[in-house]
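Please work through the exercises below with the sequence and the model side by side. Try each task on your own before reading the solution under it.

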Amino acid sequence: PPEDTVSLQHGAHRSGNRTDADMERWRSHRLGQFIHWGLYAIPGGEWNGKVYNGAAEWIRSWKEMPHEAYDNLYKQFNPAGYNPQQWARQAKDMGARYMIITTKHHDGFCLWPSKYSKYTVASTPWKKDIIGPMVEAYNKEGIDVVLYFSIIDWNHPDWRTSLKTKEDTVAYGRFKVFVKNQLKELLTKYPTVKGFWFDGTWDESWKTDGAFSDELEQYLQSLHPGLIIGSRLRADEKGARHFDSNGRLMGDYEQGWERKLPEKIEDVHHNDWEGVMTIPENQWGYHARWTGHIKTANELIEMLARSASLGGNFVINFGPKADGTYRAEEQQLAAQIGQWMKTNGAAIYGGGYAGLEKQDWGYYIRKGNTDTVYMVVCNIPVSGYLRVKIPPQQSLQSATGLESGQPIPTTQTGRNEYLLQLENKKYDAPVVIQLEVKKGK
Ligand code: JFZ
């Protein structure tokens, strides 16, 4: 850890990762599902016959769409196909161990009937709570729920991006009370949730009030011991975000990996972290017309393996349609990933950094603190040989195909280097090999 050079009251309050059972559990999940669902699913990236090229959930900020038109969309919110049990089953079948749901995105629309706002599901033709049945259904499948909450609130009259006048400061003071009330309300209504996923914390108004972000974090964790909150909520009193002015991580894990992932362990300093990923290049909410590159199941599986190999969780985003059903592409990807996870999930769940030198064929993942190390082979060499380098004082005891259960032919070529020979056939998904690597000879 870096030397502290700045004296801070609202910087990091902990050094190193949390070691309690709630955090251990979160850390073992490795695969999560993100869901962006809200009023933006109704236009689905199109307005008045024109296509918005930005992220669908940002359409309200598009000059072509009048705010008034957006702000009346709630009158159409009536997702007849909303089936939380089916959503949860799909997530379970994909292999997700936790999920994150947008309770309120930047537009301010609440998917729960908040008593602090009129702009909620209660005012829509649907009338009913969306969040409660979702939490229940996912929990029934054994999936933990984390609540996404945007600090940016385009609907609230007291929300400000910056505080220029005395009136701004007074209004923002009221806004902070509102935020605190809504968060307490969510924890009270849905007591089984495991964490908050904060977003929209980059405005001047928020960044320059590090003390409030600190107090809020401590307040929420006092209401709900074990609650997990990523670094995105926090700023210190100097305005440094995620990492305080001494370079120490604030919050329970590094939450800056958005549509990008670390490449090496130094990028994450052995901190807990989580990466969130869209299936198209940059769409979170439902967009009727996906364009550009759409990730395949194998790409997402590779990203998942990379994340686990660097000690992080990987979260795949879904944007359900306004009627509460999923587009076919998302259903298919979830099923394909689930099929792979069924056979190979042992390499992912509870996996972490292995401490072995990275090779071009893919990723090493160590099972907890054990001698078991998995190789997730994503790039199959034309030679069929996979190089494995074991540090001195350690020895390779065995190499077994995870799916086949068969030993992998192994030749020692150097002092502690081996070539593992893959069966010569066509592979249509990453292959996993289980190694036993013992300390001592
Ligand atoms: C935010 C939202 O604006 C977006 O709509 C979506 O909800 C996403 C998950 O979060 O977008 C971000 C947040 C963080 C970064 C970039 C976009 N970032 O850290 O680079």
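The exercises that follow concern a predicted model, and each one is solved step by step.

**Exercise 1.** Find which parts of the chain are linked by the salt bridge between Arg14 and Asp252, and decide whether each partner is buried, partly exposed or exposed.

*Solution.* Begin with the contact itself: the closest N and O atoms of Arg14 and Asp252 are 3.4 Å apart, and a salt bridge is counted within 4 Å. The pair links distant parts of the chain, since Arg14 sits in the segment before α1 (21–29) while Asp252 belongs to the loop between β7 and β8, 238 residues apart. Next compare the accessibilities: Arg14, at 28%, counts as partly exposed, whereas Asp252, at 4%, counts as buried, because the cut-off for buried is under 20%. Finally, look at the neighbours in the network, where salt bridges with shared partners join Arg14, Arg18, Asp20 and Asp252.

**Exercise 2.** Describe where the salt bridges Asp272–Arg27 and Lys104–Asp153 are placed in the chain.

*Solution.* In the pair of Asp272 and Arg27, the N to O distance is 2.7 Å. Asp272 lies in the loop between β8 and β9 and Arg27 in helix α1, so this salt bridge ties together parts that are 245 residues apart in sequence; both residues are buried. In the other pair, Lys104 and Asp153 meet at 2.8 Å, N to O. Here Lys104 is in strand β4 (residues 98–104) and Asp153 in the loop between β5 (144–150) and α5, 49 residues apart, and both of these residues are buried as well. The whole structure holds 25 salt bridges.

**Exercise 3.** Work out which polar partners the side chain of Asn416 has.

*Solution.* First locate Asn416, which is in the loop between β16 (410–412) and β17 (417–421) and is buried, with a relative accessible area of 9%. A polar atom of the Asn416 side chain lies 2.8 Å from the backbone oxygen of Gln394, and a polar contact of 3.2 Å joins the side chains of Asn416 and Tyr418.

**Exercise 4.** Explain what is notable about the phi angles of His242 and His270.

*Solution.* Start from the general expectation that most residues other than glycine have a negative phi. His242 has a positive phi near 65°, and His270 has a positive phi of about 65°. His242 lies in the loop between β7 (228–229) and β8 (254–258) and counts as buried at 14% relative accessibility, while His270 is found in the loop between β8 and β9 (273–277).

Methods
Residues numbered from 1 in each chain as written. Predicted model: local features only at pLDDT ≥ 70, side-chain atom pairs only at ≥ 80, totals over all residues. Heavy atoms only, no water. Polar contact = N/O pair within 3.5 Å; in protein donor to acceptor, adjacent residues only side chain to side chain. Helix = DSSP H or I, 4+ residues; strand = E, 2+ residues; numbered from the N terminus. Buried < 20%, exposed > 50% of the residue type's maximum accessible area, 1.4 Å probe, protein only. Salt bridge = Lys/Arg side-chain N within 4 Å of Asp/Glu carboxyl O.
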